[in-house]
Amino acid sequence: MMIIMKVEATDKQVEAVVEKVHALGFETHTSQGEERSIIGVVGNNPITAQHQFVRMLGVDRIVPISRPYKLASREFIKEDSTFPIDGVEIGGKGILIIAGPCAVEDRSLLLENALAVQEAGAHALRGGAFKPRSSPYAFQGLGEKGLEMLAEVREITGMPVVTEAMSADQVPLITKYADMIQIGARNMQNFNLLNAVGESQHPVLLKRGLASTIEDLLMAAEYVLSHGNRRVVLCERGIRTFETSTRNTTDINAIPVLKAQTHLPVVLDPSHSTGHWQYVTAIARAAIAAGADGLIIEVHPKPDEALSDGVQSLKPERFAELVRQIRGIAEAVDRYVPPSKVTKK
Ligand code: PEP
Ligand code: MN
């Protein structure tokens, strides 16, 4: 439930309510809006205790949260959440573009890729060092060596780095090297991992599971948020359907649905949602038109030689054309693509 404080409520009155909530064994997440404070109360059925708060000084009213996810809901926080990822803003009017290889393969290739996507307009670099491959015989990633390469390229380009953690015990290592932790589709309901990234307080890119509903995705986000980590970005990356002409089916509906139900930023991954480079640009355009806050896109200078996901990777020049088109779409929906950082070199 939410305890909505009066506009004129004093800090002391807010504190008294928070203390009482804690004394009853519930947790609080306070949102300090421009006008008033809203105290989110989470725990096992807090609504049964609502009568204990209605007459407290400064309390305006009590509102139950009807959705199973609380901290992620628009009912709790009305305004879009925005936060920086190493100085690059997500969730505001600017569109965030994350690009780079599926997997980190080699230092010079990664640097070439990063410089190319940055020049084309990307704001952050992606690249997996730990790869969740469907086959145990496929390339599994370079591990910590890959993380070192990402950190080195981050130093050279100034671009924040996004990379995947596959298990809770990898989280301290990933946070040492990367600016944002990716939770892959296959791990969306790995609750130990969600708890660990929640505790890390590091920005999180949470991908939707292959066969997960939008509500499942929001409940997964709730795990991270309930540890006090508010920096969660949701990622639609396509879902499994009966259709076989694409790798997955882009659930474009998920974008406006998520934007209505949560305050968290939403991005789309058209590379995994289509699985073919030929369709990536069209679906990226659709995502921005539908209200996405950003894109995550696989790019490779030599897709034919890529160790993973070459079929869906764009060459840098095609990616540059995609960004050019996205600028136009963004403008049409009253958004914009901020300039990328200039390479320090
Ligand atoms: C990836 O980003 O390379 C990846 C493995 O994505 P997903 O978890 O969405 O399949
Ligand atoms: Mn991939």
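**Figure 1. E298 and the manganese ion.** E298 is buried, with a relative accessible area of 1%. This view, like those that follow, comes from a predicted model. The OE donor of E298 coordinates the manganese ion (ligand 2), together with C102 through SG, H272 through NE2 and D309 through OD. These contacts span 2.0 to 2.4 Å. Reading along the sequence, the donor residues follow the spacing C-x169-H-x25-E-x10-D. Of the pair E298 and D309, E298 belongs to strand β14 (residues 294–298), while D309 sits in the loop between β14 and α10 (316–332). Eleven residues separate the two in sequence. Is D309 buried or exposed? D309 counts as buried, because its relative accessibility is 19% and the cut-off for buried is under 20%.

**Figure 2. The surroundings of ligand 1.** Which residues should you look for around ligand 1? They are C102, R126, K131, Q182, G184, A185, R186, K207, R237, H272 and E298. Several of these names may be familiar from the previous view: C102, H272 and E298 are also donors to the manganese ion (ligand 2). Sorted by class, the shell holds six charged, three polar and two nonpolar residues.

**Figure 3. Polar contacts to ligand 1.** Here we follow the side chains of R126, R186 and K207. In R126, a side-chain N or O atom is 2.9 Å from an oxygen atom of ligand 1. R186 places a polar side-chain atom 2.9 Å from an oxygen atom of the ligand. For K207, the distance between a polar side-chain atom and a ligand oxygen is 2.9 Å as well. How much of the area that ligand 1 exposes when taken alone does the protein bury? The ligand on its own exposes 290 Å², and the protein buries 97% of that.

**Figure 4. A salt bridge between D86 and R154, and the network around it.** A little background helps with this view: side chains of opposite charge can pair when their charged atoms come close. In the whole structure, a search finds 16 salt bridges. One of them joins the side chains of D86 and R154, with N and O 3.6 Å apart. Because D86 lies in the loop between β5 (83–85) and β6 (88–90) and R154 in helix α3 (residues 144–157), this pair ties together parts that are 68 residues apart in sequence. D86 counts as partly exposed, at 37% relative accessibility. R154 also forms a salt bridge with E155, at 3.8 Å from N to O. Through shared partners, salt bridges connect D86, R154, E155 and D179 into one network.

**Figure 5. A salt bridge between D334 and K93.** Now turn to another charged pair. The closest N and O atoms of D334 and K93 are 2.7 Å apart, and the two residues form a salt bridge. Where do the partners lie in the chain? D334 is in the segment after α10 and K93 in the loop between β6 and β7 (96–100), so the salt bridge ties together parts 241 residues apart in sequence. D334 is exposed, with a relative accessible area of 52%, whereas K93 is partly exposed, at 45%.

**Figure 6. The loop residue T250 and its partner S273.** You can find T250 in the loop between β12 (232–236) and α7 (254–261). T250 is buried, with a relative accessible area of 19%. Its side chain is joined to that of S273 by a polar contact of 2.7 Å.

**Figure 7. A124 in strand β8.** A124 is part of strand β8, which covers residues 124–126. With a relative accessible area of 3%, A124 is buried. How far apart are A124 and G158 in space? Their C-alpha atoms are 8.9 Å apart, while 34 residues separate them in sequence.

**Figure 8. Positive phi angles at N45 and Q201.** Most residues other than glycine have a negative phi. N45 is not a glycine, yet it has a positive phi of about 55°. N45 lies in the loop between β3 (37–42) and β4 (59–63) and is partly exposed, with a relative accessible area of 45%. Q201, also not a glycine, has a positive phi of about 65°. Look for Q201 in the loop between α5 (191–200) and β11 (204–207). At 32% relative accessibility, Q201 counts as partly exposed.

Key: Residues numbered from 1 in each chain as written. Chains lettered and ligands numbered in written order. Predicted model: local features only at pLDDT ≥ 70, side-chain atom pairs only at ≥ 80, totals over all residues. Heavy atoms only, no water. Near = heavy atom within 4 Å. Polar contact = N/O pair within 3.5 Å; in protein donor to acceptor, adjacent residues only side chain to side chain. Areas by Shrake-Rupley, 256 points an atom, 1.4 Å probe, with all protein chains shown as cover. Nonpolar A, V, L, I, M, F, W, Y, C, P; charged D, E, K, R; others polar. Donors = N, O, S within 2.8 Å, 3.2 Å for Na, K, Ca; no water. Helix = DSSP H or I, 4+ residues; strand = E, 2+ residues; numbered from the N terminus. Buried < 20%, exposed > 50% of the residue type's maximum accessible area, 1.4 Å probe, protein only. Salt bridge = Lys/Arg side-chain N within 4 Å of Asp/Glu carboxyl O.
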